[in-house]
Amino acid sequence: MNEQEKNCVGVVETHVTTLSVPAGGFRLEEGGVLPRVDVAWESCGLERAENDNVVFICHALTGDAHVAGVKPGEEKPSGWWEGMVGPGRAIDTNRYHVICANVLGGCSGTTGPMSINPETGRPYGSAFPQYTFDDAVDVFRMLLKQLGVKKLAALIGGSYGGLQVVNWMTRYPDDMEKVCLIATSAALNTQAIALSVMSRNSITDD
């Protein structure tokens, strides 16, 4: 067993929370409505305290809620940020309670195209309604409220997750004490936008 394996956060299980959405469903910024929103999330580290020791991590586009630890049935830690999250590491789980949730519209447990549309009984697929960063952040905030988290010690995100943090900190600056932005920006240049459009079109056009 190497040093990283010995100092990992241990076994981490995925939880799924069904949000208490308003009457009529969760209304998205682009006009769509989700009658039900489930959020898959994981947590690790020090037990959550009343003095707001929670660090929330927004994952990158290719990431998920498994930021650190050993999944049930596995023998080695498999989190995508093992080098950063753990005892004595930059995000010290001896000091903080760390939460990471799968983003809205993804494919790792939070409501998205693979989820069952309760109105049809079949997966949403390409019929999943358009959503924005506002919607994704609002889902995270609803989750934290249901978990009883009143204020974050820190909000951290990289790349796609960093864009969520930018949205969150500008709309709700009182939600957190500190923020950490990694490999992200407040805006995209024209080349980045063009590449994003090409990527989306290649998916939607199959």
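**Exercise 1. Place M142 and list its contacts.**

Solution. M142 sits in helix 2; helices are DSSP runs of H or I with at least four residues, strands are E runs of at least two, and both are numbered from the N terminus. The model is predicted, so local features need pLDDT of at least 70 and side-chain atom pairs pLDDT 80 or more, while totals for chains, interfaces and linings use all residues. Residues are numbered from 1 along each chain as its sequence is written, and side-chain values use heavy atoms, without hydrogens and water.

Next, set aside the neighbours within four places in sequence: M142 is then in contact with L19, S20, V21 and F26, where contact means heavy atoms within 4.5 Å. Finally, take L188, 46 residues from M142 along the chain: the two C-alpha atoms are separated by 28 Å.

**Exercise 2. Describe how helix 2 packs against helix 3.**

Solution. Start with the axes, which are lines fitted to C-alpha atoms over the stretch in contact, with angles from 0 to 180 degrees between N-to-C directions. The axes of helix 2 (residues 133-147) and helix 3 (residues 160-171) come within 9 Å and cross at roughly 75 degrees. That makes the two helices roughly perpendicular, a class that covers 65 to 115 degrees; under 35 counts as roughly parallel, over 145 as roughly antiparallel and the rest as oblique.

Then list the residues. Helix 2 contributes F133, D134, V137, D138, F140, R141 and L144, which meet Y160, L163, Q164, N167, W168 and R171 of helix 3. Sorted by class, this contact has seven nonpolar, two polar and four charged residues. Here Ala, Val, Leu, Ile, Met, Phe, Trp, Tyr, Cys and Pro count as nonpolar, Asp, Glu, Lys and Arg as charged, and the others, Gly among them, as polar.

**Exercise 3. Is G109 buried, partly exposed or exposed?**

Solution. Locate G109 in the loop between strand 8 (97-101) and strand 9 (116-117). Its relative accessible area is 42%, so G109 is partly exposed; buried means under 20%, exposed over 50% and partly exposed in between, with a 1.4 Å probe and protein chains only. Not counting residues up to four places away in sequence, G109 touches D38, A40 and N102.

**Exercise 4. Compare the radius of gyration of the protein chain with that of a compact globule.**

Solution. The radius is taken over C-alpha atoms, and the globule rule is 2.2 Å times the number of residues to the power 0.38. For 206 residues a compact globule would have a radius near 17 Å, and the chain has 17 Å, which agrees. The C-alpha atoms fill a box of roughly 45 × 40 × 40 Å along the principal axes.
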